[in-house]
Amino acid sequence: VARLAAMRAATAAIQPALIVALGATAAQSVLGKAVTIGKVRGDIVETPDGVKALVTVHPSYLLRLPDAEAKAREYRRFVEDLKIAAAVLRQSARAA
């Protein structure tokens, strides 16, 4: 609870255009509820504070994948998620 309050205070002070949540624990902290990564990955969602957020996998997930093909596929998806984040930030910068 204390960490959540600290995160909310930091978010209010910084007013980020986008929060990128890397993994389920980060997503739960940012969104205030448990989410399934597979259901929200790559989507722009709104935090309880009204800030845009993008949920993706934690990079350690990519390292734990046993199969080279799966690693390559998930790495490409991760890069695509980061491209989505970059596009949102570019759009936000143009709007400012």
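## Glutamate 74, a buried acid

Glutamate 74 sits in helix α5. The model is a predicted one. Is glutamate 74 buried or exposed? Its relative accessibility is 8%, under the 20% cut-off, so glutamate 74 counts as buried.

Which residues does glutamate 74 touch, once neighbours within four places in sequence are set aside? They are Arg41, Tyr61, Leu62 and Leu65. Arg41 gets its own section below.

## Confidence

The protein chain has a mean pLDDT of 93. In this chain, 99% of residues reach 70 or more. Confidence varies by element. Helix α1 has the lowest mean, 84. Strand β3, residues 52–56, has the highest, 97.

## Helix α5

Helix α5 covers residues 68–95, which is 28 residues. From first C-alpha to last, α5 reaches 41 Å. That is close to the 40 Å expected at 1.5 Å a residue. Aspartate 67 caps the N-terminal end of α5. One of its side-chain oxygens lies 2.8 Å from the backbone nitrogen of glutamate 69.

The buried residues of α5 are Ala70, Glu74, Phe78, Asp81, Ala85 and Val88. What do they pack against? Their partners are β1, β2, β3 and α4 (59–64). The helix lies across the three strands β1, β2 and β3. α5 runs at about 170° to β3.

Glutamate 80 is another residue of α5. At 43% relative accessibility, glutamate 80 counts as partly exposed. Its C-alpha atom is 8.0 Å from that of glycine 42. Along the chain, these two residues are 38 residues apart.

## Arginine 41 and its partners

Where is arginine 41? It lies in the loop between α3 (37–40) and β2. Despite its loop position, arginine 41 counts as buried, because its relative accessibility is 10%.

The side chain of arginine 41 makes a polar contact with the side chain of aspartate 81, at 2.7 Å. Aspartate 81 is one of the buried residues of α5. Leaving aside neighbours within four places in sequence, arginine 41 is in contact with Val55, Thr56, Val57, Glu74, Arg77, Phe78 and Asp81. Two of the names on that list, Val55 and Thr56, fall within the β3 range of residues 52–56. Glu74, Phe78 and Asp81 are among the contacts of arginine 41, and these three are also among the buried residues of α5.

## The three-stranded sheet

What is the strand order of the sheet? The order is β1-β3-β2, in an open sheet with mixed pairing. β1 and β2 stand at the edges with a single partner strand each, so one side of each has no neighbour in the sheet. Neighbouring strands are turned by 40° against each other on average, direction ignored.

β1 and β3 pair in the parallel sense, over four bridges. Within this pairing, alanine 21 has valine 55 of β3 as its bridge partner. Strand β2, residues 44–46, pairs with β3 in the antiparallel sense over three bridges. Isoleucine 44 stands opposite leucine 54 in β3. Valine 45 has alanine 53 of β3 as its bridge partner.

β2 and β3 form a hairpin with five residues between the strands. In this hairpin, glycine 50 takes a positive phi near 85°. Why is β3 described as largely enclosed by the rest of the structure? Four of its five residues are buried, so the strand is largely enclosed.

## Helix α1 and glutamine 15

Helix α1 has 13 residues, which should span 18 Å at 1.5 Å a residue. Its end C-alpha atoms are 18 Å apart, so span and expectation agree.

Glutamine 15 follows α1. It is placed in the loop between α1 (2–14) and β1 (19–22). Its phi is near 55°, a positive value in a residue other than glycine. Is glutamine 15 buried or exposed? Glutamine 15 counts as exposed, because its relative accessibility is 65%.

Definitions and conventions: Residues are numbered from 1 along each chain as its sequence is written. This is a predicted model: local features need pLDDT of at least 70, side-chain atom pairs count only at pLDDT 80 or more; totals for chains, interfaces and linings use all residues. Side-chain values use heavy atoms; hydrogens and water are left out. Helices (H or I, at least four residues) and strands (E, at least two) are DSSP runs, numbered from the N terminus. Buried means under 20% relative accessible area, exposed over 50%, partly exposed in between (1.4 Å probe, protein chains only). pLDDT is the predictor's confidence in each residue, from 0 to 100. Two strands pair if DSSP finds at least two bridges between them. The expected span of a helix is 1.5 Å times one less than its number of residues. Contact means heavy atoms within 4.5 Å. A polar contact is a pair of N or O atoms within 3.5 Å; within protein, one must be able to donate a hydrogen and the other to accept it, and residues adjacent in sequence count only if both atoms are side-chain atoms. Axes are lines fitted to C-alpha atoms, for helices over the stretch in contact, and angles run from 0 to 180 degrees between N-to-C directions.
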